[in-house]
Amino acid sequence: MRRTKVMAAGAAATAVLTALLAGPTSGTARAAQPERLDIDLAADTGAFHGGASGSLYGIYGDGVPSRNLIEGMHLRTVSTKAQDGPQHPGADALEILPPFVDSRGKDVYIYMTDIYRGFPYQWPGADGPARLADFKEKITKQVRQVKIMGDYRKHVVYVPFNEPEGNMFGSGRWSYDNVSWLDRPEQFFAAWKEVHHLIKSLDPDARIAGPNTSQLFDQVKGFLAYAKSHDVVPDVMTWHELSSPAAVRTSVARYRSWERETGVGPLPINVNEYGHNYHLSVPGQVVQWVSAIEESKIDADLAYWNMDGNLNDSAVEANKGNGQWWLFNAYGQMSGRTVRVTAPHPNAQYTLQGVATLDAGKRQSRAIFGGKSGDADVVFRNVDPKLFGTTVHATVQEIPWTGQVGDSAQPLRLAERKAEVGADGSVTLPMRDMNEMSAYQVILSPGAHAGAPATPSVSWRKTYEAENATYTGTGYSRNGPEGTPSDVGKFATSGTYNVGGLRTGSNGVLAFDVDVPQDGTYDLSVFANSYNQYGLVKEQGPTNVFLRVDGKDPQELRLPLGYKWVVWGHTDTTVRLTAGRHRITLAAQDPELGSTKGDAIIDKLDLSLRDAAARPAVYEAEYTTVSGTRPVHTHAGVSGPGAVPLGNGASTTFWVHSPADGEATVSFDHLGGGLASLAVNGETANMPAVGGTGKGTNTVKLFLTGGINKITVTGTSGAPVLDRLRVTKSQGTLKPTVHQAETGSVTGAAKVTTTHTFATAGKAVSDVGNGKANALTLDVTAARAGRHALTIRYSNAEQAPATHYNPDPVARHVDLSVNGAANRRVLFPTTFHFNNFWELTVPVTLRQGTNRLSFTADELPDFNGDTYNQYDQRSPYAPVIDQVALTPLSAP
């Protein structure tokens, strides 16, 4: 396989939009064409399925990740452990089932084998029949538990065995008879029949999936024949594809041929593990898998190599998404019919691949693609004039890689342009200097009445690789290559190399020479990592380093922690630069600010001109998820190509990014025609309706949570026409009241501690939990009654003993009571160190004046209430609590 290419240090990242700003071209008559991604809008390949949005062990519990992240990722399937299984902390099937289904999820696949510890599964018994008998008892209990889940049970699919050929029915200490069923299938086939009959006898409507092999072995054809002859055919066919996107297409085609030969099906398919560390989190890599999975019209779940509860390296903290999350957000907003996409190198991984749809009702085509550095033309053919007219409007966006644990803003708008459809019915978009780690989205709409094109999100940006920077001092190491196409078990890294040396005791300085086009304020992101379990990092938590520009203006930066080495996040700041050359340094010592504690590796530095900081982020209504309505493209004077009418009950949902918890000014541009209500993150806003009799703008102040926010506008009277939503951070109206945890009352073993140096003022409250007597109580004041955002600054680094390669962090919890009301359990994901503090927001109802908040915690028993987890996987403790802030949710 070829070596991956990345943007060279200092190479302009704006060349893509430079070409697009010149405008799309019509027709195909152009000499010396670069590679071409051909999208034939007349070649229907079936209904859009959305099956690549699946996750193995991606949900820990309700709130980790947030329901916003689940719904906004359009998560369709989740494979997870049996309820109370000891494989990993969290991810218990019946605990994640309600939040997943309530977030519009389709099916939860229960790995029934994960009721056992270890891998291979440590099922007890003196011999195979005894082990199977024990397993059948546990299966019986699992099915009976599911049956009390009401309508949620309809969303359960049972997976009786997992990778049986190398596990329960493989060869080894924990196997049935020390013989792999791939060599001698009788025992596995008989066990499959017994278990299938058992589940159906307990629940005749149950859906059963299998055989769930680690790949599509040839022997699966024999399994199909046996299942057919004994009337135990699975309801869903499952296997794993820890291979390549090309293998997905090949395997699905091969399996479908077996169905025809054996007279089975066609069955739904769930490839319930796909991708490797090198691919996950990287939009330009994952979009290649998405293309193959969508083309095959199957479901598939991202593989679980690392932490559970973070949507397979899509979720950051509890409510933030990285670049991979935004890729799936774009994918899930596709609709209508898929159309044929012909890649320049069909079905070849690490090349340009994509998927495209045409929604005739919306008069919209969407394409997502990536996997290639350099140039390509994206060609839309057979553009129907009845749908689009003779002029189209094209919006081009980039979804960049932001690391496994790096928050990402909404996709970058590279360009908007109108183009005449060529005489041959085609439109060509020239993409130049693409980054193979990024994915790209094009949305094509009728252009006749489109408003003036919006400007790019960022007019200038560059990447500077750490391995090309100048290092002086002690401790230097150039690490890599990291993940590559020939070493997919390692993590992706920009440029494939990174630099170490900034650590405790070092005097190292890493210097980046930059050249900027104009005076201004620049956003600077340092992509870095510290392994949270490494000795030097354990002392303090986040590794601190010192930034200067041309030797001046020192800043102390705390770099991101990760669950392993080479797990990338980014620390963001701003610098003031004049036009021309500058030297930006990261140092382990600073004469004014101190010395580094910890150990960090640096991947790259991203620099972008903050010319758009004062401009609002724009979200076009016609690009959103709509219900009960369709975009219209006939109104003059709109932003973008169209608008959305909202008749009574019709709605449109925006997925809006906020860099942090706090106030934002949100403007709703509309064309009048009626009124609409507003809901934010499921909370109905207590404010006047949006809309009016004529064209106008409603501007409101809303509390937005850090990361992903769901804003839904629903028609209530008349038919208001919504044009767009604009968002800017603001302050001064929704004023938070901040209360330090140590000012509250602690009881029992709970205590004020000074051991966490990065807590506010160096104080926090620890040891809440392990019984309700060990509690924190805070009296807070609200200026007015109503719904408020309660933002808790906390830390949590509890980690359970693991049985294999997955780190097993534990989500601690708080049982929160407001004014003596019933407790609400709130989960807090790991912050990787007890001295690393994050914020998590939950809505609460307060009365005017004084309110009492009570924080307690205790260990939950297993589902039936009769046993407790034996492996420290359910914590009895709350996180360390630093402070809380209370903010009204909205104001006109």
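Against which helices and strands do the buried residues of α6 pack? In this predicted model, the buried residues of α6 pack against the helices α5 (186-202) and α7 (245-262) and against the strands β7 (207-213) and β8 (236-241). The residues concerned, within a helix that spans residues 220-229, are Val-220, Phe-223, Leu-224, Tyr-226 and Ala-227. Viewed down the axis of α6, these buried residues fall within an arc of 165 degrees, and they therefore line one face of the helix. An α-helix has 3.6 residues a turn, so residues three or four places apart point the same way. After α6 comes Asp-231, the phi of which is positive, near 55 degrees.

Two of the buried residues of α6, Phe-223 and Tyr-226, also belong to an aromatic cluster, whose other members are Tyr-116, Trp-123, Phe-135, Phe-161, Phe-169, Tyr-176, Trp-181, Phe-188, Phe-189 and Trp-192. The structure as a whole holds 35 aromatic pairs. One of the pairs is formed by Phe-491 and Tyr-563, which are arranged edge-to-face, with 6.4 Å from centre to centre and 65 degrees between the planes. This pair links distant parts of the chain, since Phe-491 lies in the loop between β23 (477-479) and β24 (498-503), whereas Tyr-563 lies in the loop between β29 (561-562) and β30 (569-577), 72 residues apart. Both Phe-491 and Tyr-563 are buried. Aromatic rings also take part in contacts with charged side chains: the charged end of Arg-478 sits over the ring of Tyr-497, 3.9 Å from its centre, and Lys-604 lies over the face of Phe-527, at 4.4 Å from the ring centre.

An open sheet of 5 strands, with antiparallel pairing, follows the order β22-β25-β31-β27-β28. The edges of this sheet are occupied by β22 (470-472) and β28 (552-558), each of which has a single partner strand, so that one side of each is left without a neighbour in the sheet. On average, and with direction ignored, neighbouring strands are turned by 25 degrees against each other. Within the sheet, β25 (residues 509-516) and β31 (residues 580-587) pair in the antiparallel sense over 8 bridges, and Asp-513 has Arg-583 in β31 as its bridge partner.

Antiparallel pairing is also found around β55 (residues 849-856), which is joined to β50 (residues 776-782) over 7 bridges and to β52 (residues 812-818) over 4 bridges. In the pairing with β50, Asp-779 stands opposite Arg-852 of β55, while Asp-815 has Thr-856 in β55 as its bridge partner.

Notes:
Residues numbered from 1 in each chain as written. Predicted model: local features only at pLDDT ≥ 70, side-chain atom pairs only at ≥ 80, totals over all residues. Heavy atoms only, no water. Pairing = 2+ DSSP bridges. Axes fitted to C-alpha atoms, helices over the stretch in contact; angles between N-to-C directions. Buried < 20%, exposed > 50% of the residue type's maximum accessible area, 1.4 Å probe, protein only. Arc of directions from axis to C-beta. Contact = heavy atoms within 4.5 Å. Phe/Tyr/Trp six-rings, centres within 6.5 Å; stacked < 30°, edge-to-face > 60°. Lys NZ or Arg CZ within 6 Å of the ring centre and 35° of its normal.
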